[in-house]
Number of protein chains: 2
Amino acid sequence: MENLLFDFMSKYITLTEEEKTALLSMNLFHSVKKGTVLLKEGQSSKEFFFVIKGCIRVYYIIDGEEKTTAFYTELEALTPHCVITKTPSDYFVSCLEDSILLISNTELTEEANNKFPKFELMCRMFSEELLAKQQIDFDEFKTSSPEQRYLNLLEKRPDLIQRVPQHQLASFLGIQPQSLSRLRARIMEKKGR
Amino acid sequence: MENLLFDFMSKYITLTEEEKTALLSMNLFHSVKKGTVLLKEGQSSKEFFFVIKGCIRVYYIIDGEEKTTAFYTELEALTPHCVITKTPSDYFVSCLEDSILLISNTELTEEANNKFPKFELMCRMFSEELLAKQQIDFDEFKTSSPEQRYLNLLEKRPDLIQRVPQHQLASFLGIQPQSLSRLRARIMEKKGR
DNA sequence: TCCTTTTCTTAACTTAAGTGATCGAATAAG
DNA sequence: CTTATTCGATCACTTAAGTTAAGAAAAGGA
């Protein structure tokens with residue numbers, strides 16, 4: 001389990017054994033039950049999440065309706081907006097499956113960044129990479145239709161389609177659940193012919 | 001002009017006078033004519049852009065059609081995807097207006113980061129901030145209709161609607177130019193009543 | 001300046017998404 | 001195990017976006 005994290009970090013920096021044990025002694029790993037709400041709208045949390053195993057999701061409640069906008073699975077990280085801006089959160093974060101998460105906070109991270117300059121370097125590289133990746137995702141979203149977006153997801157994240165409820169997938173794709181059902185039926189019919 | 005940059009940087013870190021003169025001596029400021037293409041599809045550029053004055057845009061050419069997905073105006077920065085991943089670019093970047101840009105590259109930035117740890121800190125904070133901001137933008141895009149997206153833009157970036165051609169705005173909003181025209185007419189009619 | 005090209009709007013028609021409702025099926029709760 | 005509740009699919013209907021085409025307005029180049 002720890003190795004998943006260290007393998008991931010090794011893409012950016014090289015850690016000594018002492019640094020690894022120091023990291024592990026901080027007790028950052030948490031087992032979280034499905035359905036647990038990690039962040040609520042209105043809260044000004046300072047916690048950041050890195051998924052070791054499982055899945056967490058970001059959702060808004062708009063006019064009483066849940067609107068899911070993001071999923072984070074194995075080796076993906078979420079630093080909620082409110083942690084950066086120090087303002088109340090606009091959204092909720094909850095656990096979609098029983099998961100193992102690395103949960104840290106602003107203080108601990110700052111401390112680590114001050115102590116280990118290479119940690120700061122890793123954070124910069126990682127967030128630059130995420131930013132670039134997200135730009136591409138956003139661009140793809142803008143330039144394609146709901147059907148194309150679904151087919152794209154089917155190709156790039158087939159796991160999500162299996163593990164996530166349809167109605168959450170729908171709002172993730174920017175459409176209503178009924179439209180997703182219809183669209184899937186349409187695709188099946190095309191395939192069949 | 002330099003002051004715009006230093007004021008911006010002062011939000012993150014404090015620079016000494018020596019550091020400021022060192023920065024200025026690097027000759028990073030460029031005057032760029034409207035229409036200049038800064039990055040082409042297929043290129044593996046290492047250049048990063050910070051807009052001091054003016055506007056640059058990101059666009060794809062899909063089936064021979066230009067699809068604009070992003071605009072960067074005063075005090076906004078673009079590190080193209082290809083700079084991070086070191087792969088050929090999927091998109092073009094061009095100058096929408098006569099602009100003044102700070103143009104740097106991977107080598108210069110790495111050098112500065114190594115020499116001044118606080119520069120690294122600024123980059124991390126800046127890209128974390130951008131990432132969080134973009135997540136919110138993406139979420140708003142997913143959870144709203146084209147009409148809501150237009151009204152939202154009208155409120156948050158009224159300048160863009162003035163300075164950017166309609167057909168580019170349309171694809172930025174994820175719709176066809178004809179739909180934007182229609183949607184604007186619809187809004188005007190509602191207002192009139 | 002005049003001419004060409006691009007840009008914006010409008011219209012008619014097609015297609016797909018939103019909406020509201022219903023009905024099993026699956027899931028969760030007791 | 002049984003009962004609620006949630007979830008997914010489907011249908012009919014409404015609304016809005018995509019598409020194709022045409023014409024007016026604006027911008028750019030010679």
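**Exercise 1. Backbone of DNA strand C**

Task: State which part of Ser179(A) lies 2.6 Å from a phosphate oxygen of DNA strand C, and set this pair beside those made by Arg186(A) and Gln166(B).

Solution: The partner in Ser179(A) is an N or O atom of the side chain. A polar contact here is a pair of N or O atoms within 3.5 Å; within protein, one must be able to donate a hydrogen and the other to accept it, and residues adjacent in sequence count only if both atoms are side-chain atoms. The model is predicted, so that local features require pLDDT of at least 70 and side-chain atom pairs pLDDT 80 or more, while totals for chains, interfaces and linings use all residues. Residues are numbered from 1 along each chain as its sequence is written, chains are lettered from A and ligands numbered from 1 in the order written, and side-chain values use heavy atoms, without hydrogens and water.

Next, Arg186(A) places a polar side-chain atom 3.0 Å from a phosphate oxygen of strand C. Gln166(B), by contrast, uses a backbone N or O atom, at 2.8 Å.

**Exercise 2. Surface near DNA strand C**

Task: Describe the protein surface near DNA strand C by its residues, elements and classes.

Solution: A residue is near a strand if one of its heavy atoms lies within 4 Å of it. Around strand C there are 14 residues, of which Ser179(A), Arg182(A), Gln166(B), His167(B) and Ser181(B) come nearest. On the DNA side, sugar or phosphate holds 68% of the strand C atoms within 4 Å of the protein, and bases hold the rest.

The elements are DSSP runs numbered from the N terminus: helices (H or I) of at least four residues and strands (E) of at least two. At least two residues each come from H9 of chain A, and from helix H8 (166-172) and H9 of chain B. H9(A) gives the largest share, 4 residues.

By class, the surface has 3 nonpolar, 7 polar and 4 charged residues. Here Ala, Val, Leu, Ile, Met, Phe, Trp, Tyr, Cys and Pro are nonpolar, Asp, Glu, Lys and Arg are charged, and the others, Gly among them, are polar.

**Exercise 3. The surroundings of DNA strand D**

Task: Carry out the corresponding analysis for DNA strand D, from its closest residues to its phosphate partners.

Solution: Strand D is surrounded by 15 residues, and the closest are Gln166(A), His167(A), Ser181(A), Gln178(B) and Ser179(B). Of the strand D atoms that come within 4 Å of the protein, 65% are in sugar and phosphate.

Two serine side chains offer an N or O atom to a phosphate oxygen of this strand: Ser181(A) at 2.8 Å and Ser179(B) at 2.6 Å. Gln176(B) approaches a phosphate oxygen with a polar backbone atom, at 3.2 Å. The elements giving two or more residues to this surface are helix H8 (166-172) and helix H9 (177-192) of chain A, with helix H9 (177-192) of chain B. Its composition is 4 nonpolar, 7 polar and 4 charged residues.

**Exercise 4. The interface of chains A and B**

Task: Quantify the contact between the two chains and the area that they bury.

Solution: Contact means heavy atoms within 4.5 Å. Chain A contributes 36 residues and chain B 37 residues. Buried area is the accessible area (1.4 Å probe) that two parts lose on being put together, summed over both. The chains bury about 3,300 Å² between them, 62% of it on carbon and sulfur atoms. In chain A, the greatest losses to chain B are those of Arg124(A), Phe138(A) and Lys142(A), together 20% of what that side buries.

**Exercise 5. Cysteines and loops**

Task: Explain why Cys123(A) has no bond to another cysteine, and characterise Lys86(A) and Asp63(B).

Solution: A disulfide is a pair of cysteine sulfur atoms within 2.5 Å, and the structure holds 0 over all chains. Cys123(A) is unbonded because the closest cysteine sulfur, in Cys123(B), is 13 Å away, too far for a bond. Cys123(A) is buried at 14% relative accessibility, where buried means under 20%, exposed over 50% and partly exposed in between (1.4 Å probe, protein chains only).

Lys86(A), not a glycine, has a positive phi of about 60°. The residue lies in the loop between helix H3 (81-85) and strand E7 (92-95) of chain A and is exposed, at 63%. Asp63(B), likewise no glycine, has a positive phi of about 55°. Its loop runs between strand E4 (56-62) and strand E5 (65-72) of chain B, and Asp63(B) is exposed at 76%.
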